Amino acid sequence: MKTNIAEYLSEIAGIYPNNKAISYPSGRDRQNRVTYSSLTFSQLESLTNAYASEFKCHGIVKGTKTLLMLRPSLDFIAAVFAVFKVGAIPILIDPGMGRKNMLTCIKNTAPEALIAESEVHWIKYLFPGTFKTIKTAFSYGKFSAPGVSRLEDIAKTLIDKPELKFSFEIEQTNLEDTAAILFTTGSTGPPKGVVCTHEIFIAQTEIIRDTYGAGPDHVDMPAFPLFALFAAALGMPCVIPDMDPTKPAQADPRKIIEAIQDNGVSFSFGSPAFWRTVATYCVENKIKLPSLKRVLMAGAPVNDELHSMLKKVMGEGGETMVPYGCTESLPIVNFNGTEMLAETAQLTKEG
């Protein structure tokens, strides 16, 4: 029986070691086509083990509250699982809530460690009182300072020598232990920290697999970064989209369509604003996405028009789905586009 959410990744790496785990845009070729770099599940497992070893050596251990602010990337996924592996508690804050709310969330949670992009480390110097509880720091990017370790130095060892295999013994946790503290944008009021236990994450992983068919047979493109963690746990290859996740409605639909077509994306979770942008462009330009079979949308109302547009674009038998539930209990209810269009859309219009 699993008691630490990180055990899912280790199990998947043992079953599907050579399957592609993560693909991410790494540049463009002479024909201006995007190029991708990728890691297998075995390589991702090794990278998380390398990170976990470094984190533990620097004092990030069981129960350490760790502010983790990295852009969607393979390093984000690897770092979060590494924090799970040492039994520490990642604090994940949606940067879309704005600087003032973000700083308030950080101050209220009093993190003891920081794993973040360079920009966050500079903010730390500008607002020392907000970050005064931090004793250990890792940077990603150009930032460099005494006492601050760099994630790139750890990752480079593995990328330069992919044959290296790092191992790490996952810290024993209990189901009721805190696994993470999540801050969303606070659409129902001021942002509040949601405490998620390992039991909650494990239950969510199982429900997402059983309800939506998420797993190795699909290719995921998470427009909501946290969903990439469930993809990795379920053995679902994950494509990191070229977009700013804090501004989903401003995503370039051409880049999203390119990612779907190049990688055979069949599964995706994103906001209605994101999918309205993509679906509208596809309909206007008569573009079909035959590989796309499952589209999940949440965070705002999803009307019949959006369901209808997406169904015209998706592959045969494709389904749009709306999971309901607050952050710590998503999903507790599911409603699909087929049912809405056939049974409730007209009734809704009639009031």
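## Helix α10 and a buried serine

In this predicted model, the buried residues of helix α10 are Pro-272, Phe-274, Trp-275, Val-278, Ala-279 and Cys-282. Those six sit on the same side of α10, because they cover an arc of only 150° around the axis. So what's packed over them? The cover includes α9 (253-263), β11 (267-270), β12 (294-297) and α11 (304-313).

As for its geometry, α10 runs over residues 272-284, which makes 13 residues. From first C-alpha to last, α10 reaches 18 Å, close to the 18 Å expected at 1.5 Å a residue. Just after the helix comes Lys-286, and this residue takes a positive phi of about 55°.

Now over to another helix. Ser-46 lies in α2, the helix made of residues 41-57. Is Ser-46 buried or exposed? With a relative accessible area of 2%, Ser-46 counts as buried, because that is under the 20% cut-off. Its side chain has a polar atom 2.8 Å from the backbone nitrogen of Phe-166.

How far can you trust the coordinates? Across the protein, pLDDT averages 91, and 95% of the residues score at least 70. The two extremes both fall in helices, as the table shows.

| Confidence in the protein | Helix | Mean pLDDT |
|---|---|---|
| Highest | α1 (residues 7-15) | 98 |
| Lowest | α6 (residues 151-160) | 69 |

If you're picking regions to look at, then, α1 has the highest confidence and α6 the lowest.

How values were computed. Residues numbered from 1 in each chain as written. Predicted model: local features only at pLDDT ≥ 70, side-chain atom pairs only at ≥ 80, totals over all residues. Heavy atoms only, no water. Helix = DSSP H or I, 4+ residues; strand = E, 2+ residues; numbered from the N terminus. Buried < 20%, exposed > 50% of the residue type's maximum accessible area, 1.4 Å probe, protein only. Polar contact = N/O pair within 3.5 Å; in protein donor to acceptor, adjacent residues only side chain to side chain. pLDDT = per-residue confidence, 0-100. Expected span 1.5 Å × (residues − 1). Arc of directions from axis to C-beta. Contact = heavy atoms within 4.5 Å.
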